[in-house]
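Subject: Structure for your review

Dear colleague,

Please find below the structure that I am handing over to you. My notes on what was found in it follow directly after it.

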Amino acid sequence: MPNLTRQTQVIGRFAPSPTGALHLGSLLTAVASYCIAKHAQGQWLLRIEDIDTERCHSHYSKQILTDLERLGLHWDGEVRYQSEHLAHYHNLLDTKLNTLSYGCDCSRKSIQHYCQLHHCLATNYPRICTHKHLPRYHAVRLVLPDHCVLFYDQLQGIISGNPQRDHGDIVVRRRGRVNQPGMINYMLAVVIDDADCGVTEVVRGADLLEPTVRQITLYQQLGWSVPNWLHLPLALQQNGLKL
């Protein structure tokens with residue numbers, strides 16, 4: 001289980017998804033996180049985020065490792081593969097987060113229909129299944145708190161948001177089958193991964209700034225220390241689109 005107190009050693013990480021070859025945008029994040037960790041005489045960990053079995057492929061994982069080694073970005077310890085920790089994710093969701101989550105059998109179409117009938121906006125989930133007590137092989141939603149969350153980003157400054165009002169009850173596990181839970185949501189998996197490994201510095205692209213408030217909420221709900229954050233500007237093409 002993760003430590004509940006802040007560690008003195010700086011621990012950074014690079015966590016690519018093997019959906020393709022390592023590209024320049026990811027490489028910039030890797031170099032920045034590596035330099036920050038090593039400048040502080042800390043550790044730099046490598047995690048392969050292969051939880052999405054439909055889009056991730058092992059040959060890309062091998063290629064990413066080869067490219068990092070070729071570029072002199074040597075990680076500390078063993079590579080962590082999300083696909084090897086699925087049971088751990090499911091266990092934490094069904095134990096520590098059990099009272100804060102519930103089964104949901106709504107489809108996008110049924111939510112849209114409900115909102116049309118009740119004249120409500122479909123931006124947040126309208127809590128149709130909150131009190132149905134559905135089995136958890138359905139999709140599982142997590143109840144986010146209705147209060148302001150503030151955090152300091154070391155490059156972007158002070159960021160705030162209200163998890164419940166901004167996002168509602170979020171899906172943290174997709175629908176599965178009886179006796180076979182569905183796919184764990186990326187957001188929950190990365191919080192568990194970083195906490196398990198004692199990560200103190202999360203360095204990543206600014207496109208991931210938006211979900212940070214929700215991730216901080218997950219740390220708090222699980223009773224874990226929140227890491228430091230630094231969101232880098234994105235590498236853009238000449239037309240301004242993400243590289």
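The structure holds 0 disulfides. For reference, a disulfide is a covalent bond between the sulfur atoms of two cysteines. Two cysteines may be looked up in this connection: C35 is partly exposed, with a relative accessible area of 42%, whereas C148 is exposed, at 54%. Please keep in mind throughout that this is a predicted model.

The nonpolar cores

In soluble globular proteins, nonpolar side chains tend to be buried together. In this model, the largest nonpolar core has 32 residues, and the members that touch the most other members are L93, L142, F151, V172, I184, L188 and W224. Two or more residues of this core are given by each of the helices α3 (86-94), α6 (186-196) and α7 (212-222) and by each of the strands β5 (139-142), β6 (149-153) and β8 (170-173). The largest share, 6 residues, comes from α6.

A second core, separate from this one, has 13 residues, among them I48, L73, W75 and V79.

To see how a core residue is surrounded, you may select V172. Leaving aside its neighbours within four places in sequence, V172 is in contact with L93, V140, L142, M183, I184, N185 and L188.

Helix α6

Is helix α6 largely enclosed or largely open? Of its 11 residues, 9 are buried, so α6 is largely enclosed by the rest of the structure. The buried residues are M187, L188, A189, V190, V191, I192, D193, D194 and A195. This list includes the charged residues D193 and D194, to which I return below.

The N-terminal end of α6 is capped by N185, which has a side-chain oxygen 2.7 Å from the backbone nitrogen of M187. Just after the helix, G198 takes a positive phi of about 70 degrees.

The salt bridges

How many salt bridges does a search of the whole structure find? The search finds 15. Three of them are described here.

The first is between the side chains of R47 and E49, with an N to O distance of 2.9 Å. Both partners are buried: R47 has a relative accessible area of 3%, and E49 has one of 6%.

The second is between R70 and D67, whose closest N and O atoms are 3.5 Å apart. Both residues belong to helix α2 (residues 58-70) and lie 3 residues apart, about one turn of the helix. An α-helix has 3.6 residues a turn, so residues three or four places apart point the same way. The two partners differ in exposure, since R70 is exposed at 61% relative accessible area and D67 is buried at 14%.

The third is between the side chains of K132 and D105, at 4.0 Å from N to O. This pair links distant parts of the chain, as the partners are 27 residues apart: K132 is in the loop between α4 (108-118) and β5, and D105 is in the loop between β4 (101-104) and α4. K132 counts as partly exposed at 41% relative accessibility, and D105 likewise counts as partly exposed at 41%.

Some salt bridges share partners, and in this way R13, R47, E49, R80, D193, D194 and D196 are joined into one network.

R80 within the network

R80 is found in strand β3 (residues 80-81) and is buried, with a relative accessible area of 12%. A polar contact of 2.9 Å joins the side chains of R80 and D193. D193 is one of the buried residues of α6. Leaving aside its neighbours within four places in sequence, R80 is in contact with L46, R47, I48, H85, Y89, D193, D196 and C197. Among these contacts, I48 is a member of the second nonpolar core, and R47, D193 and D196 belong to the salt-bridge network.

A strand pair

Strands β6 and β7 (residues 157-161) pair in the antiparallel sense over 5 bridges. A hairpin of 3 residues joins the two strands. To find the pairing on screen, you may begin with Y152, whose bridge partner in β7 is I158. Strand β6 is also one of the elements that give two or more residues to the largest nonpolar core.

With kind regards

Technical notes:
Residues numbered from 1 in each chain as written. Predicted model: local features only at pLDDT ≥ 70, side-chain atom pairs only at ≥ 80, totals over all residues. Heavy atoms only, no water. Core = buried A, V, L, I, M, F, W, Y, C linked by side-chain atoms within 4.5 Å. Buried < 20%, exposed > 50% of the residue type's maximum accessible area, 1.4 Å probe, protein only. Helix = DSSP H or I, 4+ residues; strand = E, 2+ residues; numbered from the N terminus. Contact = heavy atoms within 4.5 Å. Polar contact = N/O pair within 3.5 Å; in protein donor to acceptor, adjacent residues only side chain to side chain. Pairing = 2+ DSSP bridges. Disulfide = S-S within 2.5 Å.
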